[in-house]
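Trainee: Could we go through this structure term by term? I want to see how each word is earned.

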Amino acid sequence: MTTDIDTNVSATRALADHLMDVRERRAEPVASLVPMLIPSDEQKAYAVQDEIVRRLGSVVGWKVGARSPDAEPSAAPLHRETVFQNGAIIPAGLCRHRGVEAEIAWCFARTPELKPENLMRESVLDAIGSVHPVIELVDTRFRETGSQHPLAHLADQQNHGALIVGPALRDWRTYDSNLETITVRIDHRKSVTRPGINAAGDPLRLLVWLARHAAQRGLPLESGTIVTTGSLTGTLFVPHRTHVSAEFSMSGRVSAFLA
């Protein structure tokens with residue numbers, strides 16, 4: 001007799017199997033998932049992420065975001081193979097779609113204490129070591145970046161491809177990302193200049209939410225964990241053999257070559 005739990009576990013593993021097969025080039029991306037593989041809620045999407053964590057190994061970062069200042073955030077863990085330092089050459093086979101987004105990331109110096117809600121924010125602030133300009137490459141293990149149900153994309157690492165981490169700003173308590181002006185250059189030509197306004201509102205709200213969320217999943221934020229908090233510039237899709245950079249008026253410059 002098959003139970004709902006058996007069916008859920010089977011669907012979670014089946015979607016994780018497919019995503020891993022595409023990631024490791026054993027299968028081609030699909031245009032649309034069969035309905036039984038689409039997660040029915042966020043918890044099932046996170047279960048797929050957790051299954052992929054078990055296969056890919058240690059988590060070194062997270063992406064977290066929200067559609068508005070009042071919306072519930074969502075998140076995905078990042079792995080060592082997709083996190084790069086400033087000036088890196090990104091292997092040609094890593095990403096299929098290569099959507100460039102300039103973002104701000106926060107690096108933790110230690111694990112935040114999970115204090116009661118009214119003390120949680122200060123605990124998270126005390127655990128932060130630095131802030132960094134970053135570029136995230138948007139990618140997907142599906143044929144198109146927006147082709148699936150949103151919960152399928154959440155299961156697929158929330159469309160993460162790679163993260164390039166720029167220089168550390170350690171005096172971050174005086175830092176206000178809303179005062180940033182960001183210029184993205186594609187092959188050294190200016191493509192877009194935008195103020196550093198995050199649609200999610202206060203990024204520290206996202207970090208507080210993530211600290212509790214990650215701990216509840218058994219993946220607590222640790223020393224060295226880098227957390228990126230959402231696009232500030234929109235997404236620019238670029239071809240292979242492209243140099244990309246983002247210049248932040250307050251926190252520095254980050255760049256990479258996409259082979």
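Mentor: We will take a residue, two helices, the pockets and the cavities in turn.
This is a predicted model: local features need pLDDT of at least 70, side-chain atom pairs count only at pLDDT 80 or more, and totals for chains, interfaces and linings use all residues. Residues are numbered from 1 along each chain as its sequence is written, and side-chain values use heavy atoms, with hydrogens and water left out.

Trainee: Why is His160 called buried?
Mentor: Buried means under 20% relative accessible area, exposed over 50%, partly exposed in between, with a 1.4 Å probe and protein chains only. His160 has 1% relative accessibility, so His160 counts as buried. His160 belongs to strand E7 (residues 160-165).

Trainee: What makes the link between His160 and Thr82 a polar contact?
Mentor: A polar contact is a pair of N or O atoms within 3.5 Å; within protein, one must be able to donate a hydrogen and the other to accept it, and residues adjacent in sequence count only if both atoms are side-chain atoms. The side chains of His160 and Thr82 are joined at 2.9 Å. The side chain of His160 also makes a polar contact of 2.9 Å with the side chain of Glu136.

Trainee: Which residues does His160 contact beyond its neighbours in sequence?
Mentor: Contact means heavy atoms within 4.5 Å. Leaving aside neighbours within four places in sequence, the contacts of His160 include Lys63, Leu78, Asp139 and Arg141.

Trainee: How do you know that the span of helix H2 agrees with its length?
Mentor: Helices (H or I, at least four residues) and strands (E, at least two) are DSSP runs, numbered from the N terminus. The expected span is 1.5 Å times one less than the number of residues. H2 has 15 residues (42-56) and should span 21 Å; its end C-alpha atoms are 21 Å apart, so the two agree.

Trainee: What is found at the two ends of H2?
Mentor: At the start, a side-chain oxygen of Asp41 comes within 3.2 Å of the backbone nitrogen of Gln43. Just after H2, Gly57 has a positive phi of about 95°.

Trainee: What covers the buried residues of helix H3?
Mentor: The buried residues of H3 (residues 117-127) are Met120, Ser123, Val124, Leu125 and Ala127. Their cover includes E5, E6 and helix H5 (203-216).

Trainee: What makes a space a pocket or a cavity?
Mentor: On a 1 Å grid over the protein atoms alone, a cavity is a set of points where a 1.4 Å probe fits but cannot get out; a pocket is an open set with protein on both sides within 12 Å along at least five of seven lines. Lining residues have an atom within 4 Å of a point. Points are joined across faces, edges and corners, and a volume is the space filled by probe spheres set on them.
The largest pocket has a volume of about 720 Å³. Of its 28 lining residues, the closest to its centre are Gly65, Ala66, Arg67, Ser74 and Gln158.

Trainee: How many cavities are there of 30 Å³ or more?
Mentor: The search finds two. The largest cavity holds about 40 Å³, and the second largest about 30 Å³.

Trainee: How are the linings of these cavities classed?
Mentor: Ala, Val, Leu, Ile, Met, Phe, Trp, Tyr, Cys and Pro count as nonpolar, Asp, Glu, Lys and Arg as charged, and the others, Gly among them, as polar. The largest cavity has four nonpolar, four polar and no charged lining residues. The second largest has seven nonpolar, no polar and one charged. Its lining includes Ile90, Pro91 and Arg98.
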